[in-house]
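Work through the exercises below with the structure open beside you. Each task is followed by a solution in steps.

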Amino acid sequence: MTYSFKTFLKFKDCLQFIALWVASFFFYVFISYSIIDDSYFLNQGFSTTDFLISELTRALSIGIFMGIVFFLLKEYVYPRFFHNYGILVASLLQSLLFIMVCYIGFIIVLELSKVNYIRINNLIALRFNAKWLTCFTIYCLIVHLFITLLLAFRQRLGSNYCKSLLHGNYMTPVVEYRIFMFLDMYPSRTSAEVKHHHYSQLLQECFADLSEILLGYNAEVYQYGGDGVILTWKVKQGFKRQQCIELSEVFAVRLLQKKDFYQNQFGLVPRFKAVLNEGLVTVAEMGQIKTEIAYHGDVLSTTARVRDLCSDCDENLLITQSFFEQLTIAEQDDFTTIETTVLRGKKKAVVIYKSNG
């Protein structure tokens, strides 16, 4: 993933946070407006339009400020100090830190501008007291807590999974054409050489490195299991399969770049084998107590069987004939047939290809 793409994703996140905070303060303004009697505007000598324009402008400014602060804290502070806490505790601590930083920021801005903010339009002066300040602080804490929990659950479930649940896409089973990649750590060395606790930490580090790459290649995480992960792509018109191949290559390079870290921390440099296959699958939302989107079809079982051949062939990447046939002529030149075999539990022979690299 290039630097420009990372910058784009961060800029997109920042805009989303700003939009959420601006929307929450707009809501706050309209709630305030709804409980103010019309006689108040007559006594103060200004119209409801002037009030709304003034308050919405102020809400826009504060929302932009707090959205930027939230983005900076989430990007550079929260991951460093709160990653070892549970979702609820981390969210509460982050909310308190956020409010403290925002108040300090407001004080600095007021001092630098030399403006008596309390007397602007003689409007905030009427409401800027201990009661209002308490209500406003509690409101900001609730908004921050809501956004933080929303982001935390989206991260743990996956953005595509959350969208599917909200839209109800798979309440009824749907047939889709998808590509699957089974990505597994070579088991011959790691599990025997690393204690199970450190082995889990090793997998955490590997999949953290993988996560930084996934968005750049539009990959979705279907499942984590054992020492591997299943990735998937929904194939649409114009889909470029080369990105699936590049993902496994970039991940391998990333692990080699951090080989000193892995060697010092775990006594080895992890390696992963990858298998690519594609075809029709049925997608459905399963479960009542715990829901999950599941994929069913021969594609998955075939990919799992081919994965077992990676170790026997000592290959980092294998692809099936279904995937190979959809590549361009130039891309096919990068692969060579290694065997035609009848996989365990299958009746039809499958042609398997390896990378020439």
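Helices and strands here are DSSP runs, helices of at least four residues and strands of at least two, numbered from the N terminus. The model is predicted.

**Exercise 1. Place T172**

Task: State where T172 sits, whether T172 is buried or exposed, and how far T172 is from A284.

Solution.
- Step 1. Find the flanking elements. T172 lies in the loop between α7 (159–167) and β1 (174–185).
- Step 2. Check accessibility. The relative accessible area of T172 is 57%. Exposed means over 50%, so T172 is exposed.
- Step 3. Compare sequence with space. T172 and A284 are 112 residues apart in sequence. Their C-alpha atoms are 6.3 Å apart.

**Exercise 2. Take stock of the fold**

Task: Give the secondary structure count, the buried share, the share of contacts between residues 24 or more positions apart, and the exposed area.

Solution.
- Step 1. Count the elements. The protein has 14 helices and 8 strands.
- Step 2. Turn to burial. Of the 357 residues, 40% are buried.
- Step 3. Turn to contacts. Among contacts with a separation of 6 or more, 71% are between residues 24 or more positions apart.
- Step 4. Turn to the surface. About 20,700 Å² is exposed, and carbon and sulfur atoms supply 60% of it.

**Exercise 3. Trace the salt bridges**

Task: Say how many salt bridges the structure holds. Then describe the pairs of R178, D209 and R241.

Solution.
- Step 1. Start from the principle. Side chains of opposite charge can pair when their charged atoms come close. The structure holds 8 salt bridges.
- Step 2. Take R178. Its partner is E176, with the closest N and O atoms 2.8 Å apart. R178 is buried at 2% relative accessible area. E176 is also buried, at 6%.
- Step 3. Take D209. It forms a salt bridge with R254, and the closest N and O atoms are 3.5 Å apart. D209 belongs to helix α9 (residues 196–214) and R254 to helix α10 (residues 242–257), so the pair ties together parts 45 residues apart in sequence. D209 counts as buried at 3% relative accessibility.
- Step 4. Take R241. Its salt bridge is with E278, the closest N and O atoms being 2.8 Å apart. R241 is in the loop between β3 (228–234) and α10, while E278 is in strand β4 (residues 272–286). This pair links distant parts of the chain, 37 residues apart. Both R241 and E278 are buried.
- Step 5. Look for shared partners. E176, R178, E220 and K234 are joined into one network by salt bridges that share partners.

**Exercise 4. Examine helix α10**

Task: Compare the span of α10 with the expected one and list its buried residues.

Solution.
- Step 1. Take the span. α10 has 16 residues and reaches 22 Å from its first C-alpha to its last. That is close to the 22 Å expected at 1.5 Å a residue.
- Step 2. List the buried positions. They are Q243, C244, I245, L247, S248, F251, R254 and L255.
- Step 3. Return to the salt bridge. R254, one of these buried residues, pairs with D209.

**Exercise 5. Check the cysteines**

Task: Say how many disulfides the structure has, and whether C14 and C244 are buried or exposed.

Solution.
- Step 1. Recall the bond. A disulfide is a covalent bond between the sulfur atoms of two cysteines.
- Step 2. Search the whole structure. The search finds 0 disulfides.
- Step 3. Check accessibility. C14 is buried, with a relative accessible area of 14%. C244 is buried at 0%.

**Exercise 6. Describe Q332**

Task: Locate Q332 and describe its surroundings.

Solution.
- Step 1. Locate the residue. Q332 lies in helix α14 (residues 329–332).
- Step 2. Judge burial. The relative accessible area of Q332 is 17%. Buried means under 20%, so Q332 is buried.
- Step 3. Find its contacts. Neighbours within four places in sequence aside, Q332 is in contact with F324, E325 and L327.
- Step 4. Look at L327. Its backbone oxygen lies 3.4 Å from a polar side-chain atom of Q332.
- Step 5. Look along the chain. Q332 and S355 are 23 residues apart in sequence, and their C-alpha atoms are 9.4 Å apart.

**Exercise 7. Inspect N218**

Task: Give the phi of N218, its place and its accessibility.

Solution.
- Step 1. Read the backbone. N218 has a positive phi of about 55° although it is not a glycine.
- Step 2. Place the residue. N218 is in the loop between α9 and β2 (220–225).
- Step 3. Check accessibility. N218 is exposed, with a relative accessible area of 53%.

Technical notes: Residues numbered from 1 in each chain as written. Predicted model: local features only at pLDDT ≥ 70, side-chain atom pairs only at ≥ 80, totals over all residues. Heavy atoms only, no water. Salt bridge = Lys/Arg side-chain N within 4 Å of Asp/Glu carboxyl O. Buried < 20%, exposed > 50% of the residue type's maximum accessible area, 1.4 Å probe, protein only. Contact = heavy atoms within 4.5 Å. Areas by Shrake-Rupley, 256 points an atom, 1.4 Å probe, with all protein chains shown as cover. Expected span 1.5 Å × (residues − 1). Disulfide = S-S within 2.5 Å. Polar contact = N/O pair within 3.5 Å; in protein donor to acceptor, adjacent residues only side chain to side chain.
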